[in-house]
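Reader: I would like to go through this model and ask what stands behind each label. Please set the values against the cut-offs.

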Amino acid sequence: DRKGDYIPVDDIIDVKRHNFTPVIQAFYSFKMEGSDQFRMLSMPFACSTAVLYYNKEAFKKAGLDPLDVPVTWEKLEEVSVKLVKAGYKGFTMAWRPAYMFEHFATVHNLPFADPRNGFESGDISLRIDEKSYVEQLMRFVKWAKEGYYLDFKKNEDAEEAFANGSVAILMQGANREGILKNQIAKASQHFELGVSAYPYSSALVKEPYALNIGGTSLWVLADHKEDQDKVKLFLNYLASPEIQAEWHQKTAYLPVTLDACELTRKSDFYATHPAHAIACQQVIQRTANLPNGLRIPEYAKVRERISQAIDRVMEGKDAAAEL
């Protein structure tokens with residue numbers, strides 16, 4: 001309903017020349033009315049995905065190998081049993097709707113909403129009341145009762161519990177790595193921060209699919225033709241491999257171009273920055289099938305409703321009915 005307000009970015013810059021990361025380009029590309037051709041309408045900028053952070057010292061105290069990190073939900077439960085025996089809560093997460101359901105959907109190639117997660121036109125309906133989602137939420141209820149999972153309504157409370165050493169594992173965005181290290185230092189904790197991939201269920205897939213992304217993009221306003229040459233220079237500058245690589249390396253946001261990813265790889269940066277490397281592996285190197293993201297109008301309000309449903313299920317309400 002605001003089509004005339006913006007100019008497609010691919011009208012301004014040569015998208016093919018910049019070699020945008022396919023999953024990220026697809027997220028910001030739309031079919032234009034009356035055409036089957038996809039156009040990149042906005043310039044991706046700060047895009048991130050999920051990772052699993054863990055306390056290496058807690059793993060050692062629990063008799064676990066800090067290099068053998070759980071990559072499946074089944075293994076995560078086994079590890080949490082030992083962490084609880086060692087005096088820790090097993091794991092927690094920020095953004096519960098995202099980490100319980102949204103990432104869970106894409107890593108298993110499960111539809112989250114029709115039609116095609118909101119990427120096709122039509123009335124949108126969520127599919128989170130289906131069996132896989134209900135069973136996953138009930139696992140969280142079980143894990144919470146057994147002390148393996150600590151449930152927080154606020155993202156900052158989850159991060160604080162991890163930073164102060166009471167919870168051994170946190171699922172949060174790759175872009176939060178530097179912030180978490182600062183929080184750990186402020187909490188006078190001295191454990192080494194480990195990073196691994198968001199887990200998948202071996203009962204659902206043999207290999208995990210590409211994770212979904214979220215973030216921000218830059219839109220070019222129409223009716224400013226006198227500024228378009230300057231806008232073109234600016235967007236080309238932002239999309240250049242050197243600038244994208246610098247932004248990626250300093251923030252742990254994903255590189256929005258493959259050239260920036262390759263530049264970073266050649267510099268051996270990933271050898272000492274696991275959050276950056278794992279984020280790229282999960283999004284860029286894995287197979288993507290369903291759209292890796294959601295296009296649901298007013299989704300902040302939808303997420304709030306999902307959070308309320310999670311609260312009620314944690315209090316004992318029926319999971320299928322609430323979802």
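**The sheet and its labels**

Author: Four strands make up an open sheet, in the order S6-S9-S5-S10, and the pairing is mixed. The model is a predicted one.

Reader: What makes S6 and S10 the edge strands?

Author: Strand S6 (89-93) and strand S10 (193-196) each pair on one side only. From one strand to the next, the twist averages 25°.

Reader: Why is the pairing called mixed?

Author: Strands of a sheet pair through backbone hydrogen bonds, either parallel or antiparallel. S6 and S9 pair in the parallel sense, over four bridges. Strand S5 (residues 50-55) and strand S9 (residues 167-173) pair in the antiparallel sense, over five bridges. Two strands count as paired when there are at least two bridges between them, so five bridges qualify S5 and S9, and four bridges qualify S6 and S9.

Reader: Which residues are bridge partners in S9?

Author: Leu-170 is the partner of Tyr-53. Leu-170 is also the bridge partner of Thr-92. Leu-52 stands opposite Met-171.

Reader: How do you know that S9 is mostly covered?

Author: Seven of its seven residues are buried. Buried means under 20% relative accessible area, so each of those seven falls under that cut-off.

Reader: Which helices lie across these strands?

Author: Helix H7 (residues 155-163) lies across S5, S6, S9 and S10, and runs at about 140° to S9. Helix H8 (residues 177-186) lies across S5, S9 and S10, at about 155° to S10.

Reader: What makes strand S4 mostly covered?

Author: In S4 (residues 43-48), five of the six residues are buried. S4 pairs with strand S11 (residues 214-218) in the antiparallel sense, over five bridges. Within that pair, Cys-47 stands opposite Gly-215 in S11.

**Single residues**

Reader: Why is Tyr-198 called buried?

Author: Its relative accessible area is 1%. The cut-off for buried is under 20%, so Tyr-198 is buried. Tyr-198 sits in the loop between S10 and S11.

Reader: What does Tyr-198 touch, leaving out residues up to four places away in sequence?

Author: Its contacts include Ala-50, Val-51 and Leu-52. Also among them are Trp-73, Tyr-99, His-103, Phe-104, Met-171 and Gln-282.

Reader: Which residues of helix H12 are buried?

Author: In H12 (residues 274-285), the buried residues are Ala-275, His-276, Ala-277, Ile-278, Ala-279, Cys-280, Gln-282 and Val-283. The elements that cover them include helix H2 (22-27), S5, H8, S10, helix H10 (241-251) and helix H11 (258-266). Gln-282 is also one of the residues that Tyr-198 touches.

Reader: Why does Trp-95 count as partly exposed?

Author: Its relative accessibility is 42%. Buried means under 20% and exposed means over 50%, with partly exposed in between, so 42% makes Trp-95 partly exposed. Trp-95 lies in the loop between S6 and H5. Its phi is near 45°, a positive value in a residue other than glycine.

Reader: What makes Arg-116 partly exposed?

Author: At 38% relative accessibility, Arg-116 falls in between the cut-offs of 20% and 50%, so the label is partly exposed. Its place is in the loop between S7 and S8. The phi of Arg-116 is near 45°, a positive value in a residue other than glycine.

Reader: How do you know that the peptide bond from Asp-114 to Pro-115 is cis?

Author: Omega for that bond is near -10°. Pro-115 lies in the loop between strand S7 (113-114) and strand S8 (125-126).

**The second largest pocket**

Reader: Which residues lie nearest the centre of the second largest pocket?

Author: Trp-95, Pro-97, Arg-303, Glu-304 and Ser-307, out of 16 lining residues. The elements that give two or more residues to this lining are helix H5 (96-107) and helix H13 (299-314). The largest share, seven residues, comes from H13. The volume of this pocket is about 290 Å³.

Reader: What is the make-up of that lining by class?

Author: The lining has seven nonpolar, three polar and six charged residues. Trp and Pro count as nonpolar, so Trp-95 and Pro-97 belong to the nonpolar class. Arg and Glu count as charged, so Arg-303 and Glu-304 belong to the charged class.

Terms used
Residues are numbered from 1 along each chain as its sequence is written. This is a predicted model: local features need pLDDT of at least 70, side-chain atom pairs count only at pLDDT 80 or more; totals for chains, interfaces and linings use all residues. Side-chain values use heavy atoms; hydrogens and water are left out. On a 1 Å grid over the protein atoms alone, a cavity is a set of points where a 1.4 Å probe fits but cannot get out, and a pocket is an open set with protein on both sides within 12 Å along at least five of seven lines; lining residues have an atom within 4 Å of a point. Grid points are joined across faces, edges and corners, and a volume is the space filled by probe spheres set on the points. Axes are lines fitted to C-alpha atoms, for helices over the stretch in contact, and angles run from 0 to 180 degrees between N-to-C directions. Contact means heavy atoms within 4.5 Å. Buried means under 20% relative accessible area, exposed over 50%, partly exposed in between (1.4 Å probe, protein chains only).
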